[in-house]
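Student: I have a new model open on my screen, and I would like to learn how to read it feature by feature. Could you walk me through it?

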Amino acid sequence: MQRIYENLYQFSAYIPPMDFSIHQYLLAADPAIVFATGTRAQAEQNLPQIRAILGERPVKYIFVSHLESDECGGLPVFLRAYPQATALCYALGARELSGYGYAGNVRSCHGGEVLEDGELRLRFFDCPAEMHLQNGLVCFEEKSGVFYSADLMSRRGNGTGKIIAGDWREEVDAVGPERVPNAEKLAALKTELRPVAPKFIAVGHGFCLSL
């Protein structure tokens, strides 16, 4: 774990055979939000460090971009620690989480929606991430300038604690059909993202970017 940008903390695992890094994040704002839980094992490893950072303050929100083990496999671990936390996810995920045994609070979000709470102003963008191109989400926290890209802007390599310089427009334009294999939906997503002006991209995999 390390503080990677202002009050944003990164938790990482690197898989050498795949040359692939997997990240989760805590934005220690008031209220606090976790972007991706990691797997159950990762969540159990991360949780004591999160408690040490937050002290008596709880995690209020857990952002779930899409249903994969690295994004939400640790939800039961967080639910035991923070039973009042709310999972923020897209409509399909909100329906499906109960099928995976998650019995905590869930808020269904959609592209274009803004959630304001204390130091947080979360803007959501629909991002085709699920089987059959059903929507997942990516998220821009406007007050900190942090954009959580989940799998959308990823690179190979050990990106643990590493930041590279980037250009937002170039990163958006570089998203290709390997990420969104539908020309119409890919074009719509890029049109929505281009006007955004983040300061930092917190990636799900690879190297974070300072903009």
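**Reading the fold, strand by strand**

Tutor: Happy to! Let us begin with one residue pair: Gln10 sits opposite Tyr25, which belongs to strand 3. Keep in mind that this is a predicted model.

Student: Which strands does that pair belong to, and how many bridges join them?

Tutor: Strand 2 and strand 3 (residues 20–27) run antiparallel, and eight bridges join them. The two strands form a hairpin with four residues between them, where Asp19 takes a positive phi near 50 degrees.

Student: How many bridges join strand 1 to strand 2?

Tutor: Three bridges join strand 1 (residues 2–5) to strand 2 (residues 8–15), and this pair is antiparallel too. Tyr5 stands opposite Leu8 of strand 2. This hairpin has two residues between its strands, and Glu6 in the turn shows a positive phi of about 45 degrees.

Student: Now the bigger picture. What does the secondary structure of the chain come to?

Tutor: Six helices and 14 strands. The radius of gyration is 16 Å, close to the 17 Å that the globule rule gives for 211 residues, so the chain is as compact as a globular protein of that length. Its C-alpha trace spans about 45 × 40 × 35 Å along the principal axes. Buried residues make up 52% of the 211 residues. As for contacts with a separation of 6 or more, 60% of them are between residues 24 or more positions apart.

Student: How should I read a sheet, and in what order do the seven strands lie in the open one?

Tutor: A useful general idea is that side chains in a regular strand alternate between the two faces of the sheet. In this model, the open sheet of seven strands has the order 8-9-10-11-13-14-12, with mixed pairing. Strand 8 (114–117) and strand 12 (163–165) are at the edges with a single partner strand each, so one side of each is left without a neighbour in the sheet. From one strand to the next, the twist averages 25 degrees.

Student: Which helix packs on that sheet, and which strands does it touch?

Tutor: Helix 6 (residues 183–193) packs there, touching strand 9 and strand 11 (146–150), and its direction makes about 160 degrees with that of strand 9. Strand 9 (residues 120–128) also pairs with strand 10 (residues 135–141) in the antiparallel sense, over seven bridges. Within that pairing, Leu122 stands opposite Glu141 in strand 10.

Student: Let me pick a residue in strand 13. Is Ile201 buried or exposed?

Tutor: Ile201, found in strand 13 (residues 200–203), has 0% relative accessibility, so Ile201 counts as buried. Leaving aside residues up to four places away in sequence, Ile201 touches several others, including Phe147, Trp168 and Leu211. By contrast, the C-alpha atoms of Ile201 and Pro16 are separated by 23 Å, with their positions 185 residues apart along the chain.

Student: How many disulfides does a search of the whole structure find?

Tutor: A disulfide is a covalent bond between the sulfur atoms of two cysteines. The search of the whole structure finds zero of them.

Student: Why is there no bond from Cys89 to its closest cysteine sulfur?

Tutor: The sulfur of Cys89 is 7.1 Å from that of Cys109, its closest cysteine sulfur, and this is too far for a bond. The cut-off for a disulfide is sulfur atoms within 2.5 Å. Cys89 counts as buried because its relative accessibility is 0%, and Cys109 counts as buried at 3%.

Technical notes:
Residues numbered from 1 in each chain as written. Predicted model: local features only at pLDDT ≥ 70, side-chain atom pairs only at ≥ 80, totals over all residues. Heavy atoms only, no water. Pairing = 2+ DSSP bridges. Axes fitted to C-alpha atoms, helices over the stretch in contact; angles between N-to-C directions. Contact = heavy atoms within 4.5 Å. Buried < 20%, exposed > 50% of the residue type's maximum accessible area, 1.4 Å probe, protein only. Rg over C-alpha atoms; globule rule 2.2 N^0.38 Å.
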